[in-house]
Amino acid sequence: MRPRDTTRKCDERLDRLNSQGWFAAGGGTSERLAFVDRIMPSSCDSSLIDDIEDMVSSSDPTPQERRSARRSIIPRSRRKTDNFNKEQLQADSLIPGTQKIWMKTWGCSHNNSDGEYMAGQLAASGYNMTDDPTEADLWLLNSCTVKNPAEDHFRNSIKKAQEQEKKVVVAGCVPQAQPRMDYLKGLSIIGVQQIDRVVEVVDEAVKGHSVRLLGQKKDGGRRLGGARLDLPKIRKNPLIEIISINTGCLNACTYCKTKHARGDLASYSMDELVERARQSFQEGVCEVWLTSEDTGAYGRDIGTDLPTLLWRLVEEIPEGAMLRLGMTNPPYILEHLEEMARILNHPRVYAFLHVPVQSASDSVLMDMKREYCIEDFRRVVDFLRDRVPGVTIATDIICGFPGETEEDFRETTDLVKCYRFPSLFINQFYPRPGTPAAKMEQVPAHVKKQRTKELSQLFHSYNPYDHKVGERQHVLVTEDSFDAQYYVAHNKFYEQVLVPKKPEFMGKMIEVDIYQAGKHFLKGRPVEDSRPFTASIAAPFQKGQVSGLTQEQMANGVQGPSSVSSSVLLIGSYKVDRELLKRLAVGLALAAAFLAFIVERLH
């Protein structure tokens, strides 16, 4: 059949259908063509379809008759089920911000500060921070990469959480340095400079998603010290504020894995640090710790230095409150010895400094790339002991570094015998993956263990505090002892003094007579006619209470984990009540379920 004849025959058949009411009144050409496309996509060729009436006969009901017949149909009722209520409960349980979170932190005071900030933000956003891991819905594990045992504990905690079917979010130096480790697959990660986004990551983890934030904070191309210091936080001890003054360092020690996570030196601005200290004292804090991977290098990337910062901070310290300096490596303290001596002699600064030596052998120090020789370390210690009478110098030593000979180790033991350090951190060398030291020829394991044992025995062979018995000292009380039998206080030299556990002493500067000395502590008896001096300029926060909030946030009800129902979520410049969000989400879930139920019945 020719195309023209095919078109004419199609038109004749469509006209007959139109007369039977198969097209709506006034239907145009487009409606007719659409009908043809649906039932005759190939053509009206008689070889495919003999006659369109074979598909639609004249005896079939018209569309108008079909619509009329539907009006007499009555939907069949269905038996009600409990699915509706179950759906409501399920929707409620998945709303982020209503779960319980348990957090575990390993490592240094910098890592502990990061943990406090993360806990504060989560609590301020409505999450319940709990001390019981078994009742938590999610575990937040904040790791340390300095030693193998710390990472082993971290890995085992992840496995334990997964066995208990807990949601897991990991943070700290381990995932930052090695995010592709097999045991981290599928887990959400918060980078060391992304702790201000912990709520976002936990929100997604609660919903079953995996999120990884590992980027660096930058401003105009310059790397920043990290997240803002004015974020909410929950201090582990409401009386002690830990302030990170910078992150990273200028060294490239061959054994250090932390460098892979924290990177190069990046300092906070002086104004930001001073403001954080000022706000801490206004929240009842009576002791401030300055921390970083190397406090002595502070400011070298922003055109300032550590002594300048310390003098600014000293101006903010209330009478009776104290400031403690963190660890500093010898190279960056040498040029500031005069100023540091003056600062450590200040009555509101502890005469305490942590200066790691690691080894007394220049050969080993060179292999470690420590950038100083043993004479540099001796100069620091001798100068400070001369200019700051009674100063406490704490140090670290690594036993069994690759290539360490017996003669190298003897030089280290001789250094300890000479200075009789009252605080000595002894570490057996562990090769960390990805570090240059891991590729060096290793000292046999039994030799490392023997040297560690020998140095520990040497350290315990002397009592550094015996000459303190009979002294009268002023001490600042800040915490409980491990056995909960005493309060722990510290004197001017940051020596631990145990005092009677009387509630009126906590957070106070008291006067005591030293009557007993141990290897790591002194015991003091309060002087009868002296009165405790309140070091805080405001009432300290309760344990677990969120600090670091602005006045506006406090006015809006962000008090901490105990006031979740009135907590406020800040989104940009808008304030949103989390309880309102929760009710709105439940309402929307109910409305969606009800609509689905109605639609199902209509069909």
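# Exercises on a predicted protein model

Among contacts (heavy atoms within 4.5 Å) between residues at least 6 apart in sequence, 73% join residues at least 24 apart. This is a predicted model, in which local features need pLDDT of at least 70, side-chain atom pairs count only at pLDDT 80 or more, and totals for chains, interfaces and linings use all residues. Residues are numbered from 1 along each chain as its sequence is written, and side-chain values use heavy atoms, with hydrogens and water left out.

## Exercise 1: the overview

Find how many helices and strands the protein has, and what share of its residues is buried.

Step 1. Helices (H or I, at least four residues) and strands (E, at least two) are DSSP runs, numbered from the N terminus. The protein has 19 helices and 24 strands.

Step 2. Buried means under 20% relative accessible area, exposed over 50%, and partly exposed in between, with a 1.4 Å probe and protein chains only. By that rule, 50% of the 603 residues count as buried.

Step 3. Now look for disulfides, meaning pairs of cysteine sulfur atoms within 2.5 Å. The search of the whole structure finds zero. Two cysteines to look up are Cys-286, which counts as buried because its relative accessibility is 0%, and Cys-399, also buried at 0%.

## Exercise 2: helix H8 and its partner H5

Work out which residues of H8 are buried, and how H5 packs against H8.

Step 1. Helix H8 spans residues 198-206, and seven of its nine residues are buried. They are Val-198, Val-199, Val-201, Val-202, Asp-203, Ala-205 and Val-206. Just after H8, Gly-208 has a positive phi of about 90°.

Step 2. Helix H5 (residues 109-124) packs with H8 at an angle of about 65°, the axes being 9 Å apart. Axes are lines fitted to C-alpha atoms, for helices over the stretch in contact, and angles run from 0 to 180 degrees between N-to-C directions.

Step 3. Met-118, Gln-121 and Leu-122 of H5 make the contact with Val-198, Val-199 and Val-202 of H8. These residues divide into five nonpolar, one polar and no charged. Here Ala, Val, Leu, Ile, Met, Phe, Trp, Tyr, Cys and Pro count as nonpolar, Asp, Glu, Lys and Arg as charged, and the others, Gly among them, as polar.

## Exercise 3: H15, H16 and Ile-374

Describe how H15 and H16 are arranged, then place Ile-374.

Step 1. The axes of H15 and helix H16 (residues 406-419) come within 13 Å and cross at roughly 5°. The two helices are therefore roughly parallel to each other; angles under 35 degrees count as roughly parallel, over 145 as roughly antiparallel, 65 to 115 as roughly perpendicular and the rest as oblique.

Step 2. From H15, Ile-374, Phe-377, Arg-378, Val-381, Asp-382 and Arg-385 meet Leu-415, Cys-418 and Tyr-419 of H16. This contact has six nonpolar, no polar and three charged residues.

Step 3. Ile-374 lies in H15 (residues 374-387) and counts as buried because its relative accessibility is 9%. Not counting residues up to four places away in sequence, Ile-374 touches Val-357, Ser-359, Ala-360, Asp-362, Leu-365 and Leu-415. Ala-360 is 14 residues from Ile-374 in sequence and 5.6 Å away in space, C-alpha to C-alpha.
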